[in-house]
Each structure stands twice: as structure tokens, then as C-alpha cells.
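Welcome! Take a moment to look over the sequence and the model, and then we will walk through them together.

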Amino acid sequence: MSTHSRVVVITGASSGIGEAVALEYAQQGFMVYACGRNQTKLNALSDNSVNITPCTFDLNDQTELKNALPKDLAIDHLILNAGTCEYIDNPKQFDGALFERVIQTNLISVGYCLEAWLKQVKFGGQVGLMSSSAAYVPLTRAEAYGASKAGISYLAKTLSVDLEPQEIGISVIHPGFVKTPLTNKNDFDMPGIIDADDAAKAIFKGMSKGTFDIHFPKGFTWTLKVLSFLPFSLWRPLAKRMIKT
Ligand SMILES: NC(=O)c1ccc[n+]([C@@H]2O[C@H](COP(=O)([O-])OP(=O)(O)OC[C@H]3O[C@@H](n4cnc5c(N)ncnc54)[C@H](OP(=O)(O)O)[C@@H]3O)[C@@H](O)[C@H]2O)c1
């Protein structure tokens, strides 16, 4: 491994999009710190390349997280990708514990990561925050997931302004549907779904160019972006049509 290799830290690298992003970065010659809870999967991932170092910890455990990476590691790209998705199936019996689980992993743990690692991101480095195209418009059953991702998109915009003087770039990633273990659980049509490898290529390209809003596949995400300009009074009846009966 070259001592001049650039360094990327990726959370949620044991599966799906994060795993594909880790492989893409390793192929591009980065030293990859691949984070997740599943040690077996991370070890298997690191078997693919000498450039990949597995880091096993739970993002919701601040003590584990703070000790997960070498304190003197200088980070070029930091990609906070880990996440979970659970839907609110019965809004009247609102499941507060589900809401907490999703917000905790998708939003609050991102705050823990920023506290622990942002100071190690180099001048001129790039931080990628994983949102979702679900953040563009309110979607049915996504009270918890959509709220967590809308929070990430807001966080990315404010950080982008506040970190500019430090010359740290922010990217917010808004994927449409990507084929992963997370979406394999979905029981509805997923228009325009793409493979994780294609998502990883788009993320690497966007992060390398310092693109603020990395979104793909374009046909799907542009449609949602345009719909997001509708007043809520017009969007609401469209969203209602998605409710499963
Ligand atoms: N797939 C899509 O269509 C899609 C679309 C938009 C946005 N996204 C977002 O993309 C990200 C990756 O999703 P994916 O589809 O690749 O899902 P995935 O295959 O289920 O991967 C999720 C990753 O997050 C990690 N993770 C979850 N909770 C964790 C915790 N408490 N501590 C440490 N790691 C944790 C998992 O690691 P372990 O299993 O090792 O714990 C796993 O590596 C998520 O933020 C998701 O919301 C996905």
C-alpha cells in the first residue's frame, strides 16, 4: 500500500451501496476504511483488496465509534452512508420506538461521526452524506425514513455553507432505487432501479468532482425534483394514490 494513497472512510460498507463504493474506491487506489457491524462480511470485503481495512463497530455506540479509527488518520473522503429503513404501516398506532430507531441510525449517528471524524478530514477534503430521493417529496409510510433523510439533506446544506472557509466540501447523495438487501425487502414497484455498482460509480464521480447534489438515476430523480416544486396542496392527492389498500 502506497504511503501516498488517498484515504476514504465509508460507513455501511458491509453491504449494498457502501460495499460497492468501498470496492470502487479501492479500485481507484484509495486506502479504504470500511465500517460496519458485520465482521464476517467486512473481512470478506477486505479479501478483495489489500487497500481495504475493515472497522467493526456500531455507529450508535459513541464509545466504540470514537475508538474505531486511528486518531492520526488524515481523511480525504468521508462517506457517511450507513442507514436503515422501516416503514410506518399504521399511522394511527404510531410506533415511536420504530421512529427512534430510524432517526437514531440515519440522522443522530451521523452527528456522532461528524463529532469524531470531521476534525480529521484534510483541508480540501470531501464529506458525503447519504440522503435519499425520498427527501425530495413526502412519501406514504415514510414518516420515519423520510424525516431522517430530509434531516440529512438540511444538515448537508448548512454544513456546506459553514465548512466552506475550512475548504471542506460537502456532497449530499440522493439515490433513487438501488438494488441492495435494504430494497430487497420492499413489496412495491421500484421504478428505474439500478445496480449498486452503478450507484458506486456515480458516487465516486460526484465526490471526486466535489458535486454538492449527487443524484441518480437522473430520469427518476429529476422527475421527483420537478414534483417537489408543486405546492403541497397539489402533491397531497398524488401521494394519497400511493397508499396501499
Ligand atoms: N438502496 C436504495 O434504494 C437506497 C436509496 C436511497 C438511499 N439509500 C441509503 O443508502 C444507504 C445504504 O443503503 P443500502 O441500500 O446499501 O442498505 P444495506 O445494504 O442494508 O446496507 C446498510 C449498511 O448500513 C450499516 N448499518 C446499519 N446500521 C448500522 C449501525 N447501527 N452501525 C453500523 N453500521 C450500520 C449496515 O452494516 P451492518 O449490516 O454490518 O450492521 C450496512 O452496511 C442507507 O443510508 C440508505 O438509506 C438507499
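This is a predicted model, and a good place to begin is its ligand. There are 30 residues around the ligand, and Ser14, Ser15, Arg37, Tyr145 and Thr180 are the ones that come nearest. Sorted by class, this shell holds 12 nonpolar, 15 polar and 3 charged residues.

Several polar atoms of the protein lie beside oxygen atoms of the ligand. Here are three such pairs:

| Residue | Protein atom | Distance to a ligand oxygen |
|---|---|---|
| Ser14 | side-chain N or O | 2.7 Å |
| Asn38 | backbone N or O | 2.8 Å |
| Val178 | polar backbone atom | 2.7 Å |

On its own the ligand would expose 880 Å², and the protein buries 92% of that area.

Which helices help to build the shell? At least two residues each come from α1 (16-27), α5 (143-162) and α6 (181-184). The largest share, 3 residues, belongs to α6.

Now let us turn to the protein's interior. The largest nonpolar core counts 32 residues, and Val9, Trp117 and Val127 have the most contacts inside it. Two or more residues of this core come from each of β1 (7-10), β2 (31-36), β4 (75-80), α4 (96-117), β5 (121-130), α5 and β6 (169-175). Of these elements, α4 gives the largest share, with 6 residues.

To see one core member up close, pick Val127: leaving aside residues up to four places away in sequence, Val127 touches Leu78, Leu114, Leu118, Val121, Ile168, Gly169, Ile170, Ser171 and Met207. A second core, separate from the other, has 28 residues, including Val21, Val32, Leu45 and Ile173.

Terms used:
Residues are numbered from 1 along each chain as its sequence is written. This is a predicted model: local features need pLDDT of at least 70, side-chain atom pairs count only at pLDDT 80 or more; totals for chains, interfaces and linings use all residues. Side-chain values use heavy atoms; hydrogens and water are left out. A residue is near a molecule or strand if one of its heavy atoms lies within 4 Å of it. A polar contact is a pair of N or O atoms within 3.5 Å; within protein, one must be able to donate a hydrogen and the other to accept it, and residues adjacent in sequence count only if both atoms are side-chain atoms. Accessible areas come from the Shrake-Rupley method with a 1.4 Å probe; for residues, only the protein chains shown count as cover. Helices (H or I, at least four residues) and strands (E, at least two) are DSSP runs, numbered from the N terminus. Ala, Val, Leu, Ile, Met, Phe, Trp, Tyr, Cys and Pro count as nonpolar, Asp, Glu, Lys and Arg as charged, and the others, Gly among them, as polar. A nonpolar core is a set of buried Ala, Val, Leu, Ile, Met, Phe, Trp, Tyr and Cys residues joined through side-chain atoms within 4.5 Å. Buried means under 20% relative accessible area, exposed over 50%, partly exposed in between (1.4 Å probe, protein chains only). Contact means heavy atoms within 4.5 Å.
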